[in-house]
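Here is a guided look at one model, from its strands to its metal site and its aromatic rings. Please keep the viewer open as you read.

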Amino acid sequence: ACSSKYVLSQMHPMWQGPLAVPGGDRQSPIDITVRKSVFDSELKPLVTNYDPNTCQQIWNNGYSFLVEYDDTTDKSTLKGGPLKDSFRLCQFHFHWGECNAWGSEHTVDRRLYPAELHLVHWNSDKYSLFEEAVMEDNGLAVIGVFLKVGKRHEGLQKLVDALPAIRHKGSVVEFNRFDPACLLPINTDDYWTYHGSLTTPPLTESVSWIIMKQHIEVSHDQLAVFRSLLFTSAEEEAQKSMVNNFRVQQALCGRTVRSSFT
Ligand SMILES: NS(=O)(=O)c1ccc(C(=O)O)c(S(=O)(=O)NCCc2ccccc2)c1
Ligand SMILES: [Zn+2]
């Protein structure tokens, strides 16, 4: 699929976006084949400094729900890991399934998780706006964290409680003082990293992906609230449950996935 100029990305049916991505040879998500990943001793621990006061709002964009941060200053940053520059947190969101059997975008040795968290950051050393960075080679860094169903996640509950207020596409509510660090696993030193793309339009190939080896646990009931969200706006007749909002896996096209651990 990579040899041809266009790769056919089987977009999620609800997307009206382009079926093919020009020159797409570093698309996301992918399957991480553990035995084919290459340990890189140069990879450093992640350094996150998130200021909960930069949390601004939570909204339903008709694809997922996004928690957005004020990224006009360097208050919530990601450094270290595979990154040379400092990156600013702009939003985090999730992807999930209609049931616990699937929902994540990335997989590890083909293993699917019920959901996946993405923390989206942009390179504020090189660019002055997210919109610029999103079009550039080393513009974005996204941390991916797998979710497993188990015990209730106390930190997530504040976010779950806000979801009924943004049930429909286009709804926004103020959301403050949420520390996204509470959603990271205990161990953030062990991760895989590779160069890829956004998994939603415009699918630009500007992302350094950092996929955590350790998952977090959320309860079945907390995930059920994710599934109570709707893809559709209040005006539309047919209400469609917001589930299966993940992209299908893309060809590796010769890329190497590096690991920070042996
Ligand atoms: N799965 S992912 O991390 O690739 C991702 C998913 C959704 C979005 C989004 O904005 O909805 C984003 S985003 O915040 O990067 N926005 C991408 C679309 C966009 C491009 C340029 C300007 C505004 C939005 C990323
Ligand atoms: Zn995502």
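## Strand S12 and its partners

Which residue in S15 does Ala-141 stand opposite? In this predicted model, Ala-141 faces Ser-208 of S15. That match belongs to the pairing of S12 with strand S15 (residues 207-212), a parallel arrangement joined by five bridges. S12 also has a parallel pairing with strand S16 (residues 216-218), here through three bridges. Within that pairing, Lys-148 has Glu-217 of S16 as its bridge partner.

Strand S11 (residues 115-123) runs antiparallel to S12, and eight bridges join the two. Val-120 and Val-142 of S12 are bridge partners. How enclosed is S12 by the rest of the structure? Strand S12 (residues 140-149) has eight of its 10 residues buried, so the rest of the structure largely encloses it. As a reminder while you turn the view, side chains in a regular strand alternate between the two faces of the sheet.

## Strand S14 and the end of S17

Let us move on to S14. Strand S14 (residues 191-196) is also largely enclosed by the rest of the structure, because five of its six residues are buried. S14 pairs with S15 in the antiparallel sense over six bridges, and the bridge partner of His-195 in S15 is Ser-208. Ser-208 is thus a place to pause, because S12, with eight of its 10 residues buried, also reaches Ser-208 through Ala-141.

S14 has an antiparallel pairing with S17 as well, over two bridges, and there Thr-193 stands opposite Arg-258. Strand S17 (residues 258-259) includes Ser-259. Is Ser-259 buried or exposed? Its relative accessible area is 3%, so Ser-259 counts as buried. Beyond residues up to four places away in sequence, Ser-259 touches Ser-37, Val-38, Phe-39, Asp-40, Leu-43, Tyr-191 and Trp-192.

## The zinc site

Which residues coordinate the zinc ion (ligand 2)? His-93 and His-95 each contribute NE2, and His-118 contributes ND1, at 2.0 Å. Along the chain, the donors of the zinc ion (ligand 2) are spaced as H-x1-H-x22-H. The site has four donor atoms and is tetrahedral, with angles of 98 to 115° among them. Both His-93 and His-95 are buried.

Ser-64 is in contact with one of these histidines, His-93. You will find Ser-64 in the loop between strand S6 (55-60) and strand S7 (65-69). With a relative accessible area of 0%, Ser-64 is buried. Its side chain reaches the backbone oxygen of Phe-94 at 2.7 Å. Leaving aside neighbours within four places in sequence, the contacts of Ser-64 also include Trp-59, Trp-96, Met-242 and Asn-245.

## Aromatic rings

How many aromatic pairs does a search of the whole structure find? The search finds 11. Phe-65 and Trp-96 make up a tilted pair, 5.7 Å from centre to centre and with 45° between the planes. This pair links distant parts of the chain, with Phe-65 in strand S7 and Trp-96 in strand S9, 31 residues apart. Phe-65 is buried at 0% relative accessibility, and Trp-96 is buried with a relative accessible area of 0%.

Phe-92 and Phe-178 form a tilted pair too, at 5.7 Å centre to centre with 40° between the planes. Phe-92 sits in strand S9 and Phe-178 in the loop between S13 and S14, so their pair ties together parts that are 86 residues apart in sequence. Both Phe-92 and Phe-178 are buried. Ring pairs link Phe-65, Tyr-69, Phe-92, Phe-94, Trp-96, Phe-175, Phe-178 and Phe-226 into a cluster.

## Helix H2 and the loop after it

Helix H2 (residues 154-162) has Leu-156, Gln-157, Leu-159, Val-160 and Ala-162 buried. The elements that cover these buried residues include S6, S7, strand S9 (87-96), S16 and helix H3 (220-226).

His-168 lies in the loop between H2 and strand S13 (172-174). At 22% relative accessibility, His-168 is partly exposed. Leaving aside neighbours within four places in sequence, His-168 is in contact with Asn-60, Leu-230, Thr-232, Ser-233, Ala-234 and Gln-239. The C-alpha atoms of His-168 and Thr-193 are separated by 34 Å, with their positions 25 residues apart along the chain.

Methods. Residues are numbered from 1 along each chain as its sequence is written. Chains are lettered from A and ligands numbered from 1 in the order in which they are written. This is a predicted model: local features need pLDDT of at least 70, side-chain atom pairs count only at pLDDT 80 or more; totals for chains, interfaces and linings use all residues. Side-chain values use heavy atoms; hydrogens and water are left out. Helices (H or I, at least four residues) and strands (E, at least two) are DSSP runs, numbered from the N terminus. Buried means under 20% relative accessible area, exposed over 50%, partly exposed in between (1.4 Å probe, protein chains only). Contact means heavy atoms within 4.5 Å. A polar contact is a pair of N or O atoms within 3.5 Å; within protein, one must be able to donate a hydrogen and the other to accept it, and residues adjacent in sequence count only if both atoms are side-chain atoms. Donors are N, O and S atoms within 2.8 Å of the metal (3.2 Å for Na, K and Ca); water is not among the atoms, so sites may look incomplete. Four donors count as tetrahedral if all angles lie between 85 and 135 degrees; four count as square planar and six as octahedral if opposite donors are over 155 degrees apart and all others between 65 and 115; anything else is irregular. Two strands pair if DSSP finds at least two bridges between them. Rings of Phe, Tyr and Trp (its six-membered ring) pair if their centres lie within 6.5 Å; planes under 30 degrees apart count as stacked, over 60 as edge-to-face and the rest as tilted.
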